[in-house]
Amino acid sequence: MGFFHVVIVGLVIAAIGAASWFIAPKGKNQVLLRTSVLLSLTCCYLMWAITYLAQLHPLIAPRRSDLRHEA
């Protein structure tokens with residue numbers, strides 16, 4: 001379920017971002033608040049997705065060091 005998990009979480013984050021767009025209180029700092037919320041959601045999602053995918057498909061396979069080598 002690796003790739004679909006990332007897509008599903010991305011859709012949830014997009015829904016939260018869309019909801020925060022409309023929920024943001026009106027005022028002179030509305031644009032700053034919207035930008036901050038959307039940017040922080042995007043950065044947190046990207047960090048999570050990269051970490052999740054790096055653990056799902058590692059570049060270097062882990063090796064046990066406590067085993068004796070067979071000759």
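**Two helices and a nonpolar patch**

I would like to begin on the outside of this structure, where Phe-3, Phe-4, Val-7, Ile-8, Leu-11, Val-12 and Ile-16 make a nonpolar surface patch of about 700 Å². Please keep in mind throughout that what we are looking at is a predicted model.

Let me take two members of that patch in turn. Phe-4 has its place in helix H1, and because its relative accessible area is 57%, over the 50% that marks the exposed class, Phe-4 counts as exposed. Val-7 also lies in helix H1, but with a relative accessibility of 33%, which falls between the limits of 20% and 50%, Val-7 is classed as partly exposed.

Staying on helix H1, which runs over residues 2–23, we come to Ser-20. Is Ser-20 buried or exposed? At 19% relative accessibility Ser-20 counts as buried, since the cut-off is under 20%, and I would ask you to read that label together with the number. Setting aside residues up to four places away in sequence, Ser-20 touches Val-37 and Leu-38. As for the distance along this helix, the C-alpha atoms of Phe-4 and Ser-20 are 24 Å apart in space, with the two residues 16 apart in sequence.

Now to helix H2, which takes in residues 30–56. A check on its geometry is straightforward: the 27 residues of H2, at 1.5 Å a residue, should span 39 Å, and the end C-alpha atoms are indeed 39 Å apart, so the expected and computed values agree. Within this helix, the C-alpha atoms of Thr-35 and Ile-50 are separated by 22 Å, the residues being 15 apart along the chain. Thr-35 itself, which sits in H2, is partly exposed, because its relative accessible area of 46% lies between 20% and 50%.

Which residues of H2 are buried? They are Gln-30, Arg-34, Leu-41 and Ala-49, and the element against which the buried residues of H2 pack is H1.

A closer view of how one residue of H2 meets the other part of the chain is given by Tyr-45, which is placed in that helix. Leaving out neighbours within four places in sequence, Tyr-45 is in contact with Val-6, Val-9, Gly-10 and Ile-13. For one of these, Ile-13, the separation from Tyr-45 is 32 residues in sequence but 7.4 Å in space, taken from C-alpha to C-alpha. For another, Val-6, there is a polar detail to add, in that a polar atom of the Tyr-45 side chain lies 2.9 Å from the backbone oxygen of Val-6.

Finally, let me turn to the segment after H2, where we find His-57. This residue counts as exposed, because its relative accessibility of 58% is over 50%. How far apart are the C-alpha atoms of His-57 and Gly-2? They are separated by 9.4 Å, although the two residues stand 55 apart along the chain.

To draw this together, the buried residues of H2 pack against H1, Tyr-45 of H2 makes contacts that include Val-9 and Gly-10, and the nonpolar surface patch with which I opened, Phe-3 and Ile-16 among its members, covers about 700 Å².

Note on methods:
Residues numbered from 1 in each chain as written. Predicted model: local features only at pLDDT ≥ 70, side-chain atom pairs only at ≥ 80, totals over all residues. Heavy atoms only, no water. Helix = DSSP H or I, 4+ residues; strand = E, 2+ residues; numbered from the N terminus. Contact = heavy atoms within 4.5 Å. Polar contact = N/O pair within 3.5 Å; in protein donor to acceptor, adjacent residues only side chain to side chain. Buried < 20%, exposed > 50% of the residue type's maximum accessible area, 1.4 Å probe, protein only. Expected span 1.5 Å × (residues − 1). Patch = residues over 30% accessible without salt bridge, like charges linked within 9 Å, V, L, I, M, F, W, Y side chains within 5 Å. Areas by Shrake-Rupley, 256 points an atom, 1.4 Å probe, with all protein chains shown as cover. Salt bridge = Lys/Arg side-chain N within 4 Å of Asp/Glu carboxyl O.
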